[in-house]
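Let's take a walk through this one together. Keep the viewer open and turn the model as we go.

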Amino acid sequence: MKRSRRAVLLGTLAALALGATACSSSASSSNPLGGGPSATASGTGSADNGSGSGGTVVVGSANFPENVLLGSIYSQALKAKGVKVEEKFNIGSREVLYGQLQSGNLTVLPEYNGALLAYLDAKNTAVTTQDVNAALAKALPSSLAILDSSPAEDKDSLSVTQETADKYNLKSIADLAAKAGEFTIGGPPEFKSRREQQFKDVYGLTFKEWKPTADTTANALKDGGIQVGNVFTTDPKIVQYKLVPLTDPKNVFGAQNITPLVNKAGVDATATAALNAVSAKLDTAGLTGLMKRVSVDKEDPSTVAKDWLKANGLA
């Protein structure tokens, strides 16, 4: 299952929301749930903190390491607040998960807000976290709701080595304008056709060369074969190789905040508060570090989740 994501910038970028779904083949970093539009997505939904069955909360996850880790974080955070929890991890793609959530067989899922919106409404052009979540509130059926989004995002980035960032004082994609003509950029084979014109139009960037580096992008950055690479922001190689994802102030890459998606009938105020507390603490750098432990160091996701919850006062 290829990763869903990303971006939706105006007009022609609406089509990219689903096109980006197949952008990554690196299961070790993430795989935000690709899939086409749902025929049952309609109505509005918002979290009802006062409702909840008071029974077992069933936490699900997709079948890739990052989502399993997030599911374990949610599960253990709920248990710490006295909520009875059942775990159903490694289920499959969004089509299966979304239907199971609607039916009530699952109660909570770790989702990616931009990818979820693309699934529900492929023509929507929202790119910021606020706008994406507002659109989701309208697109979700009344039985479902998103809770608070975390600052953590698993999304496309343009990344450079720490050495390159320091040498040229690179902090954002905009900072590349003066040097892009000397730099080779790498990414998935389709990255050039999808993004070259965007970078020209939005940031004024014209790169020296585009290389199809696919899964070897982070390695190519480390080895100097390219100077800029499309690396997903929670790829553990960012930590392993000390890469620097450049900020994207003009939102070429749309929001992909990790966000709890819930069946409203199955969560009460206690469960909602526990999940929102996780979102408040979870950031991209922290999640990337956790993913290094899971995907590179091969630690058990439940142990990594437990350590993170304890360190953040949520255990």
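Start at Gly 55, which sits in the loop between helix H1 (14-19) and strand E1 (57-60). This is a predicted model, so treat each value as a property of the prediction. With a relative accessibility of 32%, Gly 55 counts as partly exposed. Now look for Val 267: along the sequence it lies 212 residues from Gly 55, but in space the two C-alpha atoms are 8.7 Å apart.

Move on to the loop between E1 and H2, where you'll find Asn 63. Asn 63 is partly exposed too, at a relative accessible area of 38%. Its C-alpha is 5.5 Å from that of Ile 91, a residue 28 places away along the chain.

How do those pairs fit into the chain as a whole? Take the contacts between residues at least 6 apart in sequence: 79% of them join residues at least 24 apart. The protein chain has 12 helices and 10 strands, and 54% of its 315 residues count as buried.

Next stop is helix H5, residues 129-139. Which of its residues are buried? They are Val 132, Asn 133, Ala 135, Leu 136 and Ala 139. These buried residues span an arc of only 160° around the axis, so they sit on the same side of H5. Flip the helix over and the face turned away from that buried side shows you Gln 130 and Lys 138, both exposed. As for what covers the buried residues of H5, helix H4 (113-120) and strand E4 (144-146) are among the elements that do so.

Now for H12, a helix worth spending some time on. Its buried residues are Val 304, Ala 305, Trp 308 and Leu 309. Seen down the axis of H12, they fall within an arc of 135°, so they line one face of the helix. On the other side of H12 you get Lys 306, Lys 310 and Ala 311, which are exposed. And what does the buried set of H12 pack against? The partners are H2, H10 and H11.

Before taking the partners in turn, a reminder: two packed helices are described by the angle between their axes and the distance between those axes. For H11 (residues 284-296) and H12 (residues 301-311), the angle is about 155° and the axes are 9 Å apart. An angle over 145 degrees counts as roughly antiparallel, and H11 and H12 are therefore roughly antiparallel to each other. Their crossing is right-handed. On the H11 side, the contact uses Leu 290, Arg 293 and Val 294, which meet Pro 301, Val 304, Asp 307 and Trp 308 of H12. Sorted by class, the residues of this contact come out as 5 nonpolar, no polar and 2 charged.

Then there's H2 (residues 65-80), which packs on H12 at an angle of about 50°, with the axes 8 Å apart. That angle makes H2 oblique to H12. H2 also passes H12 in a right-handed crossing. From H2, the contact draws on Val 68, Leu 69, Ser 72, Ile 73, Gln 76 and Ala 77; from H12, it draws on Pro 301, Ser 302, Val 304, Ala 305, Lys 306, Trp 308 and Leu 309. The class count for the contact of H2 with H12 is 9 nonpolar, 3 polar and 1 charged.

The remaining partner, H10, covers residues 269-281 and holds Asn 276. Is Asn 276 buried or exposed? Its relative accessible area is 18%, so Asn 276 is buried. Setting aside neighbours within four places in sequence, Asn 276 is in contact with Leu 147 and Asp 148.

Finish with a few backbone spots. Just after H12, Gly 313 takes a positive phi of about 70°. Most residues other than glycine have a negative phi, which is the reason to look at the next two. Asn 169 has a positive phi of about 55° although it isn't a glycine; look for Asn 169 in the loop between helix H6 (162-168) and strand E6 (184-187). Lys 242, also not a glycine, has a positive phi of about 55°. Its place is in the loop between helix H9 (237-240) and strand E9 (243-245), and with a relative accessible area of 62%, Lys 242 is exposed.

Note on methods: Residues are numbered from 1 along each chain as its sequence is written. This is a predicted model: local features need pLDDT of at least 70, side-chain atom pairs count only at pLDDT 80 or more; totals for chains, interfaces and linings use all residues. Side-chain values use heavy atoms; hydrogens and water are left out. Axes are lines fitted to C-alpha atoms, for helices over the stretch in contact, and angles run from 0 to 180 degrees between N-to-C directions. Helices (H or I, at least four residues) and strands (E, at least two) are DSSP runs, numbered from the N terminus. Angles under 35 degrees count as roughly parallel, over 145 as roughly antiparallel, 65 to 115 as roughly perpendicular and the rest as oblique. A crossing is left-handed if the near helix is turned anticlockwise from the far one by less than a right angle, and right-handed if clockwise. Contact means heavy atoms within 4.5 Å. Ala, Val, Leu, Ile, Met, Phe, Trp, Tyr, Cys and Pro count as nonpolar, Asp, Glu, Lys and Arg as charged, and the others, Gly among them, as polar. Buried means under 20% relative accessible area, exposed over 50%, partly exposed in between (1.4 Å probe, protein chains only). The arc is that of the directions from the helix axis to the C-beta atoms.
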